[in-house]
Amino acid sequence: MYLFYSLQDNPLTPDPTDFRAQVQNNPRLTVEEVVEKMTVEGSILKKTECNAVIKAFLQEVTHNISQGIGFTSDYFTLYHTINGVFANAKDEFDPERHQINIKLLKNTEMRRAVDRIITKKLQNVVPTPELIEFYDYASDSTNQQITPGNTAELSGELIKVENPEAAEQGVFFMHSSGTEYRVARLRNNTRGKLSFVIPTGMKKGAYSLEVRTTISGSKEVRKGTINGLQVV
């Protein structure tokens with residue numbers, strides 16, 4: 001299997017002729033989907049037990065992260081960093097000015113896996129927003145729950161809304177019935193991250209999340225989507 005990529009304009013350098021790579025059609029498996037692959041016919045592993053063990057393991061790692069404890073293995077290391085400027089030597093952490101991040105460092109087995117990746121370049125790919133992670137602060141969930149009226153953050157590639165005042169551009173929550181709810185204002189609007197307050201008055205049910213924007217000077221509005229979200 002290939003890691004597909006295409007070349008897109010590189011806005012980070014002054015050179016108008018250089019490009020950067022953007023991964024295309026990159027699948028992301030859930031825990032359940034990984035367990036399906038682990039427990040194919042003939043395997044001694046059982047789905048129920050595997051799901052339970054993996055869930056307990058991830059919960060313990062996550063709890064340790066919340067206590068300032070990292071994680072390391074032959075595959076990867078998780079560790080904490082703090083971003084932001086401290087005014088002087090007596091200044092202390094302030095969540096309004098500083099941010100705690102979790103970084104992933106690949107270790108021996110993961111580096112070997114990366115070395116085995118075979119890439120394949122795609123030609124004439126039209127760049128579109130790629131939505132990776134929707135984080136709902138109120139429920140502390142990722143790509144799951146929507147809490148109307150509360151703050152959320154969306155990360156991805158090429159997701160900056162070029163003209164937030166245009167009615168056809170922006171962040172939209174799409175109910176399964178077809179009803180749309182548009183985010184009124186973007187607090188943070190960059191190529192890789194959007195933050196905003198989720199619209200109020202959203203009815204319960206299943207939703208998809210869309211970013212609609214123009215890219216690289218094009219007048220065509222392009223869309224990126226995350227499915228499987230819920231207002232409960």
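Select Asn143 to begin: at 28% relative accessibility, this residue counts as partly exposed. The model is a predicted one. Asn143 sits in the loop that runs between E8 and strand E9 (151-157). Its phi is near 55 degrees, which is a positive value in a residue other than glycine. Most residues other than glycine have a negative phi.

Move next to Asp140, where phi is again near 55 degrees and the residue is not glycine. Asp140 belongs to the loop between strand E7 (130-136) and strand E8 (141-142). With a relative accessible area of 56%, Asp140 is exposed.

**The three-stranded sheet**

Select strands E2, E1 and E6. These form an open sheet of 3 strands in the order E2-E1-E6, and the pairing is mixed. Strand E2 (19-23) and strand E6 (118-121) are the edge strands, each pairing on one side only. From one strand to the next the twist averages 40 degrees. Now restrict the view to strand E1 (residues 2-9) and E2, which pair in the antiparallel sense over 5 bridges. To find one bridge, pick Gln8 and look across to E2, where its partner is Arg20. Strands of a sheet pair through backbone hydrogen bonds, either parallel or antiparallel.

**A hairpin**

Go to strand E12 (residues 186-189) and strand E13 (residues 193-197); they run antiparallel and are joined by 3 bridges. The two strands form a hairpin, with 3 residues between them. Select Asn188 and Ser195 to see a bridge pair, Ser195 being the partner in E13.

**Salt bridges**

The structure holds 10 salt bridges. Start with Glu109 and Arg112, whose side chains meet at 3.1 Å, N to O. Both are in helix H3 (residues 108-115), and because they are 3 residues apart there, about one helical turn separates them. Glu109 is partly exposed at 29% relative accessibility, and Arg112 is partly exposed at 45%.

Then select Glu180 and Arg212, which form a salt bridge with an N to O distance of 2.9 Å. Glu180 is in strand E11 (residues 180-182) and Arg212 is in strand E14 (residues 205-213), so this pair ties together parts that are 32 residues apart in sequence. Glu180 is partly exposed, with a relative accessible area of 39%, whereas Arg212 is buried at 10%.

Keep Arg212 selected and add Glu210. These two residues also form a salt bridge, and their closest N and O atoms are 2.8 Å apart. Glu210 is buried, its relative accessible area being 12%.

For a network of salt bridges, select Asp91, Asp94 and Arg97, which are linked in this way.

**A buried asparagine**

Select Asn101, found in strand E5 (residues 99-106). Its relative accessible area is 15%, so Asn101 is buried. Which residues is Asn101 in contact with, leaving aside its neighbours within four places in sequence? Display Tyr79, His80, Thr81 and Asn83: these are the residues in contact with Asn101.

**A nonpolar patch**

Last, switch to a surface view and select Leu29, Val34, Met38, Ile44 and Leu45, which make a nonpolar surface patch of about 460 Å². Within this set, Val34 is placed in helix H1 (residues 31-38). Val34 counts as partly exposed, with 35% relative accessibility.

Terms used
Residues are numbered from 1 along each chain as its sequence is written. This is a predicted model: local features need pLDDT of at least 70, side-chain atom pairs count only at pLDDT 80 or more; totals for chains, interfaces and linings use all residues. Side-chain values use heavy atoms; hydrogens and water are left out. Patches are made of residues with over 30% relative accessible area and no salt bridge: like charges are joined within 9 Å, nonpolar side chains (Val, Leu, Ile, Met, Phe, Trp, Tyr) within 5 Å. Accessible areas come from the Shrake-Rupley method with a 1.4 Å probe; for residues, only the protein chains shown count as cover. A salt bridge is a side-chain nitrogen of Lys or Arg within 4 Å of a carboxyl oxygen of Asp or Glu. Helices (H or I, at least four residues) and strands (E, at least two) are DSSP runs, numbered from the N terminus. Buried means under 20% relative accessible area, exposed over 50%, partly exposed in between (1.4 Å probe, protein chains only). Two strands pair if DSSP finds at least two bridges between them. Axes are lines fitted to C-alpha atoms, for helices over the stretch in contact, and angles run from 0 to 180 degrees between N-to-C directions. Contact means heavy atoms within 4.5 Å.
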